[in-house]
Structures are given as C-alpha cells and as structure tokens.
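Trainee: I am new to this structure. Could you walk me through how to read it?
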Amino acid sequence: MKNLKGSPGPAGLRRLSHHSSGAVKETTKMAASLQNTNPMVFKAKQERIILPEEEDDSVVDKIDEREQTTFNISLTGIHLIRSINDPEHPLTLEQLNVVEQSLVEVDDDKGYVKVQFTPTIPHCSMATLIGLAIRVQLLRSLPDRFKVDVNVTPGSHASEDAVNKQLGDKERVAAALENSHLLELVNQCLAVQQ
Amino acid sequence: MASTEGNGILTEENFEQRLSLLVQDICSKRLELVTIVEDLGPQLTSTNLNERCLGVRFLANVLHRLVGFPFQEKEVTLFSEFLCDRLKDNYTIIPHALFGLLSLATNQNLADEDCLKITQTIFKEVHVQSLLKDGRLTTFNLFAVLLNKHLKVLTTVGNDFVFGFIQAMDGEKDPRNLMLVFDLVRVIVRNFSIDLFVEDLFEVTSCYFPIDFTPPSDDPYGIKKEDLVARLRNCLAATNQFAPVCLPLLMEKLSSDIIDAKIDSLLTLSACLDVYHSTYVLEHVMPLWRDIKRVVFHSSSTELEENVQEKYEELLETVLKEMGDCNHLTGSNDVKLIKSCGRILHAVALSTEPACQKIIDSIFPLLFEQFKEMDVLEVAHTKIFIFIITGLLKAAKTFYADPSGGSSLSASYFSGIGQQGKFTKTSRSALSQLSKMYPDIIQTTLLPTLQMHLKTEDGSAMDTDRSEPHTSPVSHQCVLDTLAAVCTHDSIVRDVVPRLIEHVQHMCEAENLDEMQCNRVLDCVRNIIEDSIQRDKSSAVYFKRSVVPTILRVAISRQTELVPRLQYLACHCDHERSAESDELTSTLNELSSRIWQNSDKEGSRKRATKTWLWLTKAVVIRSHALAPKFIEMVLSLMKDREVGRFAADGFYIIVADFDEVMNVKMHANCRMMYRQRLFMEHHHLCALSHLLRWIPKQVLLSEVPRLMPLLVQSLSCDEQSLKLSTLHTMSSLMFDAPEIITRQVTSLVPILLRLSQFQISMKIRMESLKCLGAMTTLPHHVVYPYKTKVCKTLADSVDDKKRLVRKEAVKCRNKWYLLGSSTR
C-alpha cells in the first residue's frame, strides 16, 4: 500500500472510488474549517475476485473478513465499511485508512463482528459519528444474528474511552438514531458513491 | 182610552203590563205610533237617568214586540234616528238603544241611509267590548241582521264596516257571542273585500285557535266545544287570503304537545286546503309534510291517525287541483310546481296504502289525460309527467304485489307512450318499472308497438334519410333502448330476444346491410342477455337452447365483426360447461369448417380471420383441447400475405381483456393463467423478453405499457430462464421507463421480494435484488410506502448462503434504508 503525501486535487475527486484502477491517493483542499485539511489518502483495496465456488449455488459461503462485497461499504478486508464517507472528507474511510482489513474480526459461526477504526487525527471530533456510521452500516448489512462491536483503535484518539463507551451503549446508539438530524448525517456518510 | 192608560207613570212595576197593553193597542190600530212616542216623551227626555233608561227600554221592547207590524218608512227613520241618538247617551242606556235598533232592524225594513247611519253611529259611539255580554250579543245580533238584510248597502262602505267590526269583536270572550262572531266573520270574509284587513282580521280570529273551552255544567245555552271549533275552523278556511298567514300558524300548532291541538290543527288544515290555492300550499308543502309525518309517527292516538288519513286526502285533492291548473300553463315556474306536486304525490303514495290507492284512482286518469295533450307541451313537461308516473308506480309497487286495478291504466299509459314516439330516458325507466309489475301488459301492448316502430324505422330509413337524417337512427336506438329497459322479466326477455334476432336476420338479408344498425341491435340483444343472466342464472339454459343456434346461423351467414363476439358470449353463457364439452367440440368443429368455406373473396377472408381470432380467444381462454390447433392456424395465417398482419395483430385480441365479452363477469370459463399457458407452450414470452432486452430502447418504449402486465405475470411463471430475462428487462426498464414501472410497483414489490428468496437459483435471487435496488430510483412517493417491508424482508437475504447474493442484498437494502434521507 503506497502512502503518498496529499496534494490539492480537482473537485472531481468525489468520483474517486475503490473501483477506479489506480485510484490515486490525493488530498483535497477543503474549506478552512476542516480539522484535518490535508489527510493522507490510501489506495482502496481491489474488489475481491469472484471465485468459481462463489457462483455455485449449492456451496455455502461463510461470512468472513473479506466480506467486502457483502457489505458493499468499503471496510476493507472487511471492506465492510469501505465506502463509508468520512463526514469531513469526500473520501471513503478506506481511502483515509480509517478502517483496514487487519482491524476487522468476523466470526460467522458465533455471529460476531468487531471493527476497530482509526480516526485520522487524535482530536477528530467526528470520531463518534464515524463510529456510529460504521455501526449503522453493519447493522443494516449483517443478519440480525450478529453481535457488532465498534471501537476506536487503541491509542489513536484522545478521548478513546468516551467514544468507545458511547458506541458500545446500545441505548445511546438507538437514541442517537432517533434523532433525525443525526440520522441524516449518518445516512449521508453511508450514501454509496455511485 | 189608551192615552188614559198611558197617562200613568211608567215604572218598573207596571212595565210588563203596560208593554203588553200597548202592543195590543197598536196591533189593533187603536193607537198610533206617534202617540206612544208622545206619551213616552217625558221619560225619554227626562234628565233623570233611570227614567230615561226605562223609557228607552220600554220603547225598545215595544219595537221588539211589534213583529209583523210594518211601520211607515218615515216612522222607521224616526225611530232609528232617535235610537241612534241614544247611543251617544249614558252607558246604561246604550244596550237598550241597541236592543231597540235590533228590534227595528229585525221587524222593519230599514232604509239604506238608516242602515248606514246605524252602523256608523255604533262604530263611532259605542265601544262594544266595554258593554256587558248581553249588550255585546245584541250588537253582534244587530250586525248579523243588518248583514243579512242589507248586505248590499253595507258593502258600499266595506272597509269602514270591516274595520268597525274588527274593533267590535276584538277581545270577545263569551262563548255564545263568539259563536255568532265566528259566523259573522265568515259572512264578512265571503262578502267584503278584506284586502286591507287580512292580517288584522286573521289576528283577531286566529287568536282563539286552537280553542280550549270546557263548558260549565249549568250552561243554559248548551254550547259545546265542538261548535266553537267548527265555527272557528270555518272562519280560518273562509278565504284563500288567509293562506299565507294561516299555514305557518297551523304548522306551529301541529308541533304542539297537546293531542287535541294537533287534531284540531290537522282538521283545520284539511278544511283550509279545500279553500286555499295550491300555490300557497306548495310553498309550505315540504315542511307541512314533515310535520304531518312527525305527527303520524310519534303519536299513538288512533283518532289522530284517522285524521291524518283524511288529511292526506285533502292534501291530495289540493295537489290534484294544482295539476289541473298546470295543465294549460307553460314556463319554468310551473314546471317547478308540477315537480313539487309530483314529489308530494310520491311521498304521500309511499306513506300508506289507502293514500296510494286514492292517488292511483284519482290522479292517474288526470295524468293520462294530460299526457295525451302533451304534444303541445315542452319536453320538460313531458319528462316531469313521466317522472311523476314512474314515481307513483314505484310507490304502488311497494303496496301491491299484483295490483289489478292499475293494470288497465298502465295499459293506456303504454299505448300513450308508445304513440308519443318520444322515448326519453325517463319514460324508459318508467316502462322498466312497469314491466316488473305487469309483464303481460308489456307483452300485449308495448311490444307490438315497438316492433312496429322498429320495422318502420328500418324500412323507411332510406326514405327519411334526406328529410330528417338524424331522427331515424336516433329513434331506432330509442326503440332498442326501450326494449332493453323493459326486459326485466323472463317472459318478456323470451318474447323480445327472438323478435330482435328475427329483426337482425331480416336486416342481414337486406341488400345493403347497415352494419351500424345491425351492431346496435346485436348490442342490445347482448345487453338483454347479460342482464337476464345476472338476474337469474338458470335462464342461460334457455339462451343456449334457443338463442345460440339462431345467432350462429345469422353469424355464419354474415361474418361481421360483432357477430362472433356475440356468438361466443352466448356460448359461454352456459354454466354446465363440463356437461356440454362434447357438444362444444362438435360445434367448434362445425364452425371451423364453415368459417373458411367461402373465404376466397377479399373482404370475407379478412372477416373469416377475425371470426377465427375470436374463436381462438374463446378456446384459449377456457384452455380447450382444440386451442393449440386454433393457435397453429393463427400462426400459419401470419404467413398469409393478405391477412398476415391481421392475424399477427390478432394476438392482441387473444390475450387482451375485453370489458364486453369473454371475461369472468360474463361467466366465460376463464381458466387460470391461460395467457401464461399460451406462452409457455409457444415460448413467445421468452422471445419477447429477450427481444426487449436488446431491442433499442426508443423502439421498445412505446410498446412497453402494453407489455408490462405480461412481463409482471411472467415473473410468476415457473420457467427460470424466462424469469431471469424478464428480471433483466425489468431492471433496465426501471431507468428507461420509470413512469411505466411506477404503475406496476404494487404488484412488483411482492413478486420481487419473493424471488429474492428463490432458493433454486442464485442468479434469480441476485437479479431480483438488483431490480429491487433499482426500484429506489423511482419517484419517492411510489416506493417509500414499501420501505419498512422491503428492509425487513431483506434481513433474510443479507444472510443468504451465497456471498454474491449477500452483496446484492446489502446494496439493495442500503439503498432502501437511505430512502427518505436527503442524500439522493
């Protein structure tokens, strides 16, 4: 995975997706109000190659860490949340390396998913929103039998515990989603880049 | 000697004795009238009130006793002047003076001037209501006598007299006096112009209504409440001029809580209705009617009910009169009147059986009479009359299962309408009503007339073409419509249908066939059969036996477009399908051979093809064993240069639904999924589906609306490849023709959800998920209602055993979740 310094990019960057080959990492110059105006952009993972057995209707495919396609969102490896848009940047979380496959754990048999995400900067105020978006996306994309844990990668955020606590509290998540404004924000994060 | 006797002083003690002596003397001419006055002079002019009173009283009594003893004119004048003078005297004297005047007026012939003088003086000098009750009675008696003997003179001062009388009677309380007063009021109302005083007179009279009087047990005059009531009623019903003020009063009293008052009001109302012009009555007719109804429904008094009965009749008669009046009138105003009359009649007729009987007995003749004169009247009038008659007949129907009395009337009514030749819509409905009750009459009277019309219209069509091109077809249609309308009874149907078919045959044999006309007749037959079968399914057997073969004969002789439709309608009318399938097969075989018999000519080949197509539709619908054979024939026809195109189009006929024929409503034997079966067998739909996928969209789009139902249905069939290709087509159509898909969303969503769990093929699961996902691009209001349902159902799909399916499910589900957020 290459790791390039971001440089001002064209407005058309919004179209950049994990599909485009050579999806080059570029940064975009956003409004001055952004906290991290110049984030690092990483290359998105390729779509996983469809194996012959996956097209055989009689074979059962387990949900695994590579369930990227299932979740259509670009949490790599878990490309689970891959295409979730960062609330601040018109880039996917994967492009920003907020989520990476190695930090996603999936156990189909036990029905368990654990996602750790890494905010771009330690003081990112959007951490909770990103977490919430990931969580909602997982809830919508996974069968009901799955238990979902979403946490900040240890040591990556200033108020790690507070964020984790918020994301781990079912009641608070539910309450947050009752808030139409917040839900709207989350939906915006989840709007799939076509 | 008389004078000597008379010389004594008149006292109370000798009053009677002297009175009789004096009267005897006068009668025997022993004494002159003048002498009496001279003798009485001192007393009459005495300054002592009692003396004077006694004198006047004596004189009055003398006059009273002198019955049959005519005075000279001069004497009469003298006495009347004197007594009138006395009216200005003390109040104790006035009653005696009045008595004297009364006696004078009764026994002698008053001159006109005297008469006027008397009345004027009374009105001027006497305040009647401050007299004692005997004095008042005397006054009223005097009025009565004067009115009786000198009416003509009094009418010359009409207004003064009426006004004076009103003042005189205002506030009268004594029942005996009232008896007289009421009589007088009636006389006055009858003979005087009361225009100026209508309300005053009504007020002073009506204030007694309703009369509440319990006679004392020792009443010497034996006046009963009924006497008073009857007299007052006569007053109120004395003139039409009271109508505008009286009707509201009566309505108010009708709603009284006292039963007596109600009865009185009703009886009075009925009395009034005799007199009052119907124009006034009609103004109040609806509220009156309401009140009366309320009285009837909320009362348990039988007496009251009887009265109400009477009331009906009165009301009826009034209305009748009005109808009579309307006879010669024209103009919108009267149309309204007649209309309200009609409404009343209807309401009344509906209320009770006797009322209904009465109406039928009394009004129908009148109506018919008027109806005959209807040529002169406007169409609006005619309509209203028919409307009324229809309404009444309906009403009559509720009471009589078999009204024999009305039948003769109805008969004349029919012929009346028949001769009119104006079969307006209303009259049709009238006839329809009638036909339910009197099928016999319809058959004997109406049908011949109508058939005559039908024939003449038909025969004269060419002659009349030039002169009145419009009338002919219109009335032809009219006759047909009428026929259809009266077919409410099996016996009529069985009479009419053969007649019509015969007519069609006749028309078909004619040289230049009028197809329009022919079709109309056939349409008519079709309607009749339809209705008849809806009414009673058993009649289908009849149609099968008698109608179908005839029509078939006609049909085969002229292969017109409509005939085959009809014939198959007829075929499928039958309900014992299984029993007659052999029969059907043989019919079909026979038909299929005959249809092509003389199809060599240009036009007839096309007709034959059309007939064949309809036949094909029929057999396909019921999945008859011969269906494939028929379809094959159609397919082969497609190669035919002349009718090929026609045959190809014919598939539309075969698979499309028609409102008029061969649907479930018509009892056609529609097998489930006959369309699918048709296409399964021929793989047409598959081809179609594939075509749709690749044909340029612009070409396709215009055809899509018609194909859509088929596509939706093909999603429910078993063929997987068909499903898959249809799903492909669908998802591309979501973007290309969203407005068409939108119309199908209701049926598509459940189908696609079901297919998303179609276990046999993951491809179908994925395709349907793609389709569902694409659906979110449709207008928000169309799809949003399904959001919850779809998201919930897709919970299973995201747990699909296949990753690729899961991927689609997630995509799809997320799209649905995002519905309603502003991200799109």
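Trainee: Where is B:P210 found?

Mentor: Remember that this is a predicted model. To place a residue, look for the elements on either side. B:P210 sits in the loop that runs between α11 (198-206) and α12 (225-236) of chain B.

Trainee: What is the peptide bond from B:F209 to B:P210, cis or trans?

Mentor: Read the omega angle. Here omega is near -10°, and the bond is cis.

Trainee: Next, the contact between the chains. How many residues does each chain give?

Mentor: Count each side separately. Chain A gives 35 residues and chain B gives 25 residues. Together the two chains bury about 2,400 Å², with 48% of it on carbon and sulfur atoms. Three residues stand out on chain B: B:K801, B:K802 and B:R803 supply 26% of the area it buries against chain A, more than any other three residues.

Trainee: Which residues form the salt bridge between the chains?

Mentor: Look for opposite charges. The count between chain B and chain A is one salt bridge. B:D799 pairs with A:R145, and their closest N and O atoms are 2.7 Å apart. Two residue pairs are in polar contact across this interface.

Trainee: Which element of chain B gives the most to that side?

Mentor: Two elements give two or more residues each: α39 (762-775) and α42 (803-818) of chain B. α42(B) gives the most, with eleven residues. By type, the chain B side divides into eleven charged, eight nonpolar and six polar residues.

Trainee: Back to B:K801. Where is it found, and what does it touch?

Mentor: Take place first, then partners. B:K801 lies in the loop between α41 (787-797) and α42 of chain B. Its relative accessibility is 29%, so B:K801 counts as partly exposed. Beyond its neighbours within four places in sequence, B:K801 is in contact with A:D57, A:S58, A:V59, A:V60 and A:D61, and also with B:R765 and B:R806. Check sequence against space too. B:K801 and B:M762 are 39 residues apart in sequence, and 9.5 Å apart in space, C-alpha to C-alpha.

Trainee: Now a helix in chain A. Which residues of α3 are buried?

Mentor: List them, then see where they point. In α3 (residues 160-168) of chain A, the buried residues are A:E160, A:V163, A:N164 and A:L167. They span an arc of only 100° around the axis, so they lie on the same side of α3(A). The face turned away from that buried side carries the exposed residues A:D161 and A:K165.

Trainee: What do the buried residues of α3(A) pack against?

Mentor: They pack against two strands and two helices of chain A: β4 (112-117) and β5 (147-152), α2 (127-141) and α4 (170-178).

Definitions and conventions: Residues are numbered from 1 along each chain as its sequence is written. Chains are lettered from A and ligands numbered from 1 in the order in which they are written. This is a predicted model: local features need pLDDT of at least 70, side-chain atom pairs count only at pLDDT 80 or more; totals for chains, interfaces and linings use all residues. Side-chain values use heavy atoms; hydrogens and water are left out. Contact means heavy atoms within 4.5 Å. Buried area is the accessible area (1.4 Å probe) that two parts lose on being put together, summed over both. A salt bridge is a side-chain nitrogen of Lys or Arg within 4 Å of a carboxyl oxygen of Asp or Glu. A polar contact is a pair of N or O atoms within 3.5 Å; within protein, one must be able to donate a hydrogen and the other to accept it, and residues adjacent in sequence count only if both atoms are side-chain atoms. Helices (H or I, at least four residues) and strands (E, at least two) are DSSP runs, numbered from the N terminus. Ala, Val, Leu, Ile, Met, Phe, Trp, Tyr, Cys and Pro count as nonpolar, Asp, Glu, Lys and Arg as charged, and the others, Gly among them, as polar. Buried means under 20% relative accessible area, exposed over 50%, partly exposed in between (1.4 Å probe, protein chains only). The arc is that of the directions from the helix axis to the C-beta atoms.
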